[in-house]
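Have a look at the model below and turn it around a few times. Then let's walk through it together, step by step.

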Amino acid sequence: VIGCGRGDEGLSDEGFEYRVCDVAEESQVLPLMRHIGKAYGRLDAVLNCAALASMNHTLLTPVSSVEKMLRANVTGTFLVSREAAKLMRKRKFGRIVNVSSAVVPLRLSGEAGYLASKGAVQVLSQVMARELAEFGITVNVVAPGPTDTDMIRGVPKPKIDELTQQFFNKRLTTREDIANVVLFLLRKESGGVNGQVI
């Protein structure tokens, strides 16, 4: 398993390799993928979960915030998926799972830039699913509800409680919930599932 992030230090564990890479920068994604191809000779699956969020009313949102979100959330997903698919198609097999948000259809006030970027991830993924199917590559989306991560820790609890009430299970999504769906989509046996938003 290879993971990447913008920081110099990442998770260290047996069977896991951490590489510094800003997925929004093509000049950093290309060397990462070259390294994977040379060191391992294959790439079976990709999980694109890098994201930035900025919650502000449209009138108070600087364009720089929107540009950063689009670069991390959309451009990063596109770059990693494109380069991963180049490695995967050689073996006629691959799984790409991109992370969006269950909040996209709710069209919440104060989240125009973020939700636009996550909506773009869904459409991007579905078009890629159509284009890459001939190479045995599936592209699906996991769109979890609010999850206890650094991204929402600054949001007031009453707002989070109000948001969770809009979902069927009326609770925060757990990391285990997300991992369960991701692992299902990554399985070889899940080849019949493609272009879906779960």
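What follows goes from the whole chain to a few single residues and ends at a pocket.

One thing to keep in mind from the start: this is a predicted model. The protein chain has 5 helices and 5 strands. If you trace the chain along its sequence, you meet them in the order β-β-α-β-α-β-α-β-α-α. So the chain opens with two strands and closes with two helices, going by that pattern and the way such elements are assigned.

How does the overall size compare with that of a compact globule? For 198 residues, such a globule would have a radius of gyration near 16 Å, and the protein chain comes in at 17 Å, which agrees. If you draw a box around the C-alpha atoms along the principal axes, you get roughly 50 × 35 × 35 Å.

What about inside and outside? Of the 198 residues, 38% count as buried. On the outside, the protein chain exposes about 11,500 Å², with carbon and sulfur atoms supplying 55% of that area. Now think about which parts of the sequence touch each other. Among contacts with a separation of 6 or more, 66% are between residues 24 or more positions apart.

Now let's zoom in, beginning with E17. You'll find E17 in strand 2, which covers residues 17–20. Is E17 buried or exposed? Its relative accessibility is 16%, and the cut-off for buried is under 20%, so E17 counts as buried. Who keeps E17 company? Leaving aside neighbours within four places in sequence, E17 is in contact with V1, I2, G3, H35 and Y40. Take V1 from that list: V1 and E17 are 16 residues apart in sequence, yet their C-alpha atoms are 6.3 Å apart in space.

For another pair, go to L60, in the loop between strand 3 (45–48) and helix 2 (63–88). L60 is exposed, with a relative accessible area of 64%. Follow the chain 30 residues along to K90, and the C-alpha atoms of L60 and K90 turn out to be separated by 47 Å.

Next come two residues with an unusual entry in their backbone angles. R107 is not a glycine, but has a positive phi of about 50 degrees. It sits in the loop between strand 4 (94–99) and helix 3 (112–132). R107 is exposed, at a relative accessible area of 63%. K170 is likewise a residue other than glycine with a positive phi, near 50 degrees. You can spot K170 in the loop between helix 4 (157–164) and helix 5. With a relative accessible area of 44%, K170 is partly exposed.

Finally, let's look for empty space. Rolling a probe the size of a water molecule over the atoms shows where such space is left. The second largest pocket has a volume of about 210 Å³. How many residues line it? There are 15, and A143, P144, G145, N169 and T173 lie nearest the centre of this pocket. Helix 5, residues 175–186, gives the most to the lining, with 3 residues. Sorted by character, the lining of the second largest pocket holds 10 nonpolar, 3 polar and 2 charged residues.

Conventions: Residues are numbered from 1 along each chain as its sequence is written. This is a predicted model: local features need pLDDT of at least 70, side-chain atom pairs count only at pLDDT 80 or more; totals for chains, interfaces and linings use all residues. Side-chain values use heavy atoms; hydrogens and water are left out. On a 1 Å grid over the protein atoms alone, a cavity is a set of points where a 1.4 Å probe fits but cannot get out, and a pocket is an open set with protein on both sides within 12 Å along at least five of seven lines; lining residues have an atom within 4 Å of a point. Grid points are joined across faces, edges and corners, and a volume is the space filled by probe spheres set on the points. Helices (H or I, at least four residues) and strands (E, at least two) are DSSP runs, numbered from the N terminus. Ala, Val, Leu, Ile, Met, Phe, Trp, Tyr, Cys and Pro count as nonpolar, Asp, Glu, Lys and Arg as charged, and the others, Gly among them, as polar. The radius of gyration is taken over C-alpha atoms; the globule rule is 2.2 Å times the number of residues to the power 0.38. Buried means under 20% relative accessible area, exposed over 50%, partly exposed in between (1.4 Å probe, protein chains only). Contact means heavy atoms within 4.5 Å. Accessible areas come from the Shrake-Rupley method with a 1.4 Å probe; for residues, only the protein chains shown count as cover.
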